[in-house]
Amino acid sequence: MPGFASSGDVFNETRATFEKDFTCYTLTMAGFAGVKPQPNPSFENWKTEIANFIKENKIVKPILVGHSMGGGLALAIAADYPELIGKIVVVDALPCMVALMDPSFKSKENNDCTAMVNQMTGMTDAQFLEMQKKTMPRLLADASKMDMVVDWSVKSDRKTFGQMYCDFSNTDLRAKIAQIKCPALILLESYFINLKPAIEEQYKNLKTANFQYASKGLHFIMYDDKDWYLSQLSNFIK
């Protein structure tokens, strides 16, 4: 499960490593990276759709690997469907991202995302591209992947982009993760070691958490510290 406005192709190297021994299902969420949007995108709806996909395809105890917002989805699915999931790998995601900057954060009931959607849909293509080009170097150190990752954002449906950015920013899973029963590997970017107490406080209700901090790079750990990332996954999965 890729992150916000990313394609499932972010996991191409992960798939290549594991598909010899495992069946790999790679998702790109509707409206992201050129995939046709659906009406009413929301974190809750996507969580339910992925759980239904697992049930309908009779996938027994899958290992969910999620990056960023996909990591949030992995946490939410494992919490709400504890009997369904075998293990989870959360790649650089937190139960409540906003609370890291604003410790007093409380998520709003019926949060209105109209303003954010209007802001995103109101930008010209050139403005949106410029915004993504400014944002991405803070998230990705591997310059060879930059154009591709920016392109995923640019090809994303703006309405979905605004709606999901707003919705995910309002998501707080800190209490909910107490329901998770399966083993959980939490891989975090190198900078987060500086915020270790705050991060592990957010995860305190997840009793099965195993925290590992990357030694280099930024948010796209699968690119920026690829060998470390793949070896962490291999050890955890086997």
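Here are some worked exercises on this predicted model, to be followed with the structure in view.

## Exercise 1: The cysteines

**Task.** Find which cysteines are joined by a disulfide, and work out why C24 is not in such a bond.

**Solution.**

Step 1. Start with the cut-off: two cysteine sulfur atoms count as a disulfide when they lie within 2.5 Å. By this rule the model has 1 disulfide.

Step 2. Now look at C113 and C166. Their sulfurs are 2.1 Å apart, and a disulfide joins the two residues. The link has -80° about the S-S bond and is left-handed.

Step 3. Place both ends on the chain. C113 sits in the loop between α4 (97–101) and α5 (114–121), while C166 belongs to helix α8 (residues 158–169). With these positions 53 residues apart, the pair links distant parts of the chain. Both C113 and C166 are buried.

Step 4. Turn to C24. The closest cysteine sulfur is in C182, and because 18 Å separates it from the sulfur of C24, the two are too far apart for a bond. C24 is partly exposed, with a relative accessible area of 25%.

Step 5. Finish with C96, which is in no disulfide either: the nearest cysteine sulfur, in C166, is 13 Å away. C96 counts as buried, at 0% relative accessibility.

## Exercise 2: The sheet and its helices

**Task.** Give the order of the strands in the open sheet, then say which strands lie at its edges.

**Solution.**

Step 1. Trace the 4 strands of the open sheet. Their order is β1-β2-β3-β4, and the pairing is parallel.

Step 2. Find the strands that pair on one side only. These are the edge strands, β1 (63–67) and β4 (209–213). From one strand to the next, the twist averages 15°.

Step 3. Look closer at one pairing. β3 and β4 run parallel and are joined by 5 bridges. A184 has A209 of β4 as its bridge partner.

Step 4. Add the helix α3. This helix packs on the sheet, where it touches β1 and β2, and its direction makes about 145° with that of β1.

Step 5. Add helix α11 (residues 226–237). It lies across β1, β2, β3 and β4, and runs at about 170° to β3.

## Exercise 3: The nonpolar cores

**Task.** In the largest nonpolar core, identify the residues that touch the most other members, and the element that gives the most to this core.

**Solution.**

Step 1. Begin with a general idea: in soluble globular proteins, nonpolar side chains tend to be buried together.

Step 2. The largest nonpolar core holds 46 residues, and L75, I88, I180 and Y203 touch the most other members.

Step 3. List the elements that supply two or more residues to this core: α2 (43–56), α3 (69–80), β2 (87–91), α8 and β3 (184–188). The biggest contribution comes from α3, with 8 residues.

Step 4. Take Y203 as an example. Beyond its neighbours within four places in sequence, Y203 is in contact with L75, V90, A93, L94, P95, I177, I186 and F211.

Step 5. Another core, of 26 residues, lies apart from the largest one, and V91, L140, L187 and L230 are among its members.

## Exercise 4: Following single residues

**Task.** Is S190 buried or exposed, and which backbone oxygen does its side chain reach?

**Solution.**

Step 1. Locate S190 in the loop between β3 and α9 (196–202).

Step 2. Compare its accessibility with the cut-off: buried means under 20% relative accessible area. S190 has 19%, so it is buried.

Step 3. Follow the side chain of S190 to the backbone oxygen of G217, at 3.0 Å. Setting aside residues up to four places away in sequence, S190 touches A214, S215, K216 and G217.

**Task.** Describe where A5 and D92 are placed, given that each has a positive phi without being a glycine.

**Solution.**

Step 1. A5 has a phi of about 60° and is in the segment before α1 (12–18). At 1% relative accessibility, A5 counts as buried.

Step 2. D92 has a phi of about 55° and is found in the loop between β2 and α4. D92 counts as buried too, at 4% relative accessibility.

Terms used:
Residues are numbered from 1 along each chain as its sequence is written. This is a predicted model: local features need pLDDT of at least 70, side-chain atom pairs count only at pLDDT 80 or more; totals for chains, interfaces and linings use all residues. Side-chain values use heavy atoms; hydrogens and water are left out. Buried means under 20% relative accessible area, exposed over 50%, partly exposed in between (1.4 Å probe, protein chains only). A nonpolar core is a set of buried Ala, Val, Leu, Ile, Met, Phe, Trp, Tyr and Cys residues joined through side-chain atoms within 4.5 Å. Contact means heavy atoms within 4.5 Å. Two strands pair if DSSP finds at least two bridges between them. Axes are lines fitted to C-alpha atoms, for helices over the stretch in contact, and angles run from 0 to 180 degrees between N-to-C directions. A polar contact is a pair of N or O atoms within 3.5 Å; within protein, one must be able to donate a hydrogen and the other to accept it, and residues adjacent in sequence count only if both atoms are side-chain atoms.
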